[in-house]
Amino acid sequence: MADNPTGLDANPRIGRYVSTVAFDEIVRAYVPPPLPPNPPLELSPRLLQRLSEADRAVGRLDGVAMLLPDKALFLYMYVRKEAVLSSQIEGTQSTLDDLLQYENAALAGKPLDDVTEVSNYVDAMMYGLGVIRDPNGLPLCLRLLRDMHARLLQKGRGEAKNPGEFRRSQNWLGGTRPGNAQYVPPPVNDMDACLGDLERFLHDDSECIPPLVKAGYLHVQFESIHPFLDGNGRLGRLLIALFLVEKKVLHEPFLYLSLYLKTHREDYYRLLQDVRIRGNWEAWTEFFLTGVAETANNAYESAMRIVTLFRSDRERIAACGEQTNSMLRIHELLQTHPFLNASQTQEKAGLSAPTVNKAFEALEALGVVREITGKQRGRVFAYAEFLKILESGTEVRPAPA
């Protein structure tokens, strides 16, 4: 049953509240109106400037991505950085080091749930990217989002939260129960209708909405619908990158806003709620476009720093004389496996144990790698400067006492 004690219907941009029963409590759930906003977004000079800045930054990023000597390598590492950041927003304590060591099995030990969840995120991202790039694959749609969700929650703490299925019960955000929640998404029946509207808007190009603006709309709407029992935030952030790739705004999904959203978390949640209760799409869109520009510029700078580092280290190695060939082979391997031990290197590079050990000693003396275990046996070497670039923003800081 719909109710309207606050007069929300007076503004067509604002949705409606409905009364629903959740866990034996009557609560007021929010049902967002279909996209696009009505009346349309007011493109003030300030907002047009933000859109222009975001477009330029994304274009520059896409340009450098096309010039990278190994786009797959940069994507490999960048997606992993995004996975860590996106999962940190959800409360995990995993770092990029944890993920890379886990994936590479360079260090012994049972993987933590946090690392498993981040690894699931990488799998979901790469699966979605592969599907929308496949000429015979699906477009970005509800079915693909469900398939990605199944991978996102395939193992770890979320595997009991119906991976790959839209929720069939009421959920809520904040609070210990629906009755004291900060936000209650639409009930299941209304949710199904909202998802249908979302998919129609996703595929409808008749409105001529700039893709960056539309990506911001889609993210808010998905978060407001909250169609899964778990993983909505991570999937909602993935939706941005995949949409921009599908619309050919980016050739590679190098635009991830998790660091920006993590840094501005309070503003992010406040502006989402401001859209729901006031229809303030202008403030949200300005925030979103500012984040797009900042994120694209940071990604561009990271790409350039990585290209410069690889070139510089390769030149220093080539000037060494002895062990040059084996050192170069290991250096190339370190670009996709920043943590390596001797046995892995022998297998992956096809080198003998004495050759590998001598090459690592030479690389360590040159300052390219650093041994991180302090042991004589089972030593693990890290490509420290490369990791420093990648890790920026992903460090987990202890909570203040």
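Q: Which residues does His149 touch in this predicted model, not counting residues up to four places away in sequence?
A: Let's start inside this predicted model. Leaving out residues up to four places away in sequence, the list for His149 includes Phe228, Asp230 and Leu235. The others come from one stretch of numbering, and the full set is Lys161, Asn162, Pro163, Gly164, Glu165, Phe228, Asp230 and Leu235.

Q: Is His149 buried or exposed, and at what relative accessibility?
A: His149 has its place in helix H5. Buried means under 20% relative accessible area. His149 therefore counts as buried, with a relative accessibility of 0%.

Q: How far is the backbone oxygen of Asp230 from a polar atom of the His149 side chain?
A: Asp230 is among the residues that His149 touches. Here the partner atom on Asp230 is its backbone oxygen, while His149 contributes a polar atom of its side chain. The two lie apart by 2.7 Å.

Q: Which residue of helix H5 has its C-alpha atom 8.9 Å from that of Leu198?
A: Helix H5 covers residues 142-152. The residue in question is 56 residues from Leu198 along the chain. It is buried at 12% relative accessibility, and it touches Phe166, Leu195 and Glu199 when residues up to four places away are set aside. The residue is Leu142.

Q: Where does UniProt place the feature "active site"?
A: The UniProt entry is unreviewed, and such annotations may be inferred rather than shown by experiment. The residue it marks is found in the loop between H7 and helix H8 (232-246). The position given by the record is His226.

Q: Is His226 buried or exposed, and which residues does it touch beyond four places in sequence?
A: With the limit for buried at under 20%, the 11% relative accessibility of His226 makes it buried. Its contacts, not counting residues up to four places away, are Arg167, Asn171, Leu173, Pro185 and Asn232.

Q: Which residue's side chain makes a polar contact with the side chain of Arg50?
A: Arg50 sits in helix H1 (residues 45-67) and is buried, with a relative accessible area of 17%. Leaving aside neighbours within four places, Arg50 is in contact with Glu286, Leu289 and Thr290. The side-chain polar contact, at 3.4 Å, is with Thr290.

Q: What kind of aromatic pair do Tyr217 and Trp281 form?
A: The structure holds 16 aromatic pairs. For Tyr217 and Trp281, the rings are 5.0 Å apart centre to centre, with 75° between the planes. Planes over 60 degrees apart count as edge-to-face, so this pair is edge-to-face.

Q: How many residues apart are Tyr217 and Trp281, and which helices hold them?
A: This pair links distant parts of the chain. Tyr217 is buried at 3% relative accessible area, and Trp281 is also buried at 3%. Tyr217 belongs to helix H7 (residues 211-225) and Trp281 to helix H11 (residues 281-318), and they are 64 residues apart.

Q: Which residues do ring pairs link into a cluster?
A: Look among the aromatic side chains for this one. The cluster includes the tyrosines Tyr260, Tyr268 and Tyr269. Ring pairs join these with Trp284, Phe287 and Phe288.

Q: Which ring does Arg60 lie over, and at what distance from the ring centre?
A: Another arginine, Arg28, lies over the face of Tyr17, at 4.0 Å from the ring centre. Arg60 lies over the face of a tyrosine as well. The ring is that of Tyr300, with its centre at 3.7 Å.

Q: Why is strand S3 described as largely enclosed by the rest of the structure?
A: Strand S3 (residues 25-31) is joined to strand S2 (residues 16-22) by seven bridges, and the two run antiparallel. Thr20 stands opposite Val27 in S3. S3 is largely enclosed because the number of its seven residues that are buried is five.

Q: Which residue in the turn between S2 and S3 has a positive phi?
A: S2 and S3 form a hairpin with two residues between them. One of the turn residues has a positive phi of about 50°, and that is Phe23.

Q: Which strands stand at the edges of the open sheet of three strands?
A: The order is S4-S6-S5, with antiparallel pairing. Two bridges join S5 to strand S6 (residues 380-382), and Glu371 has Phe381 in S6 as its bridge partner. Each edge strand has a single partner, so one side of each is left without a neighbour in the sheet; these are S4 (339-341) and S5 (370-371).

Note on methods
Residues numbered from 1 in each chain as written. Predicted model: local features only at pLDDT ≥ 70, side-chain atom pairs only at ≥ 80, totals over all residues. Heavy atoms only, no water. Phe/Tyr/Trp six-rings, centres within 6.5 Å; stacked < 30°, edge-to-face > 60°. Helix = DSSP H or I, 4+ residues; strand = E, 2+ residues; numbered from the N terminus. Buried < 20%, exposed > 50% of the residue type's maximum accessible area, 1.4 Å probe, protein only. Lys NZ or Arg CZ within 6 Å of the ring centre and 35° of its normal. Pairing = 2+ DSSP bridges. Contact = heavy atoms within 4.5 Å. Polar contact = N/O pair within 3.5 Å; in protein donor to acceptor, adjacent residues only side chain to side chain.
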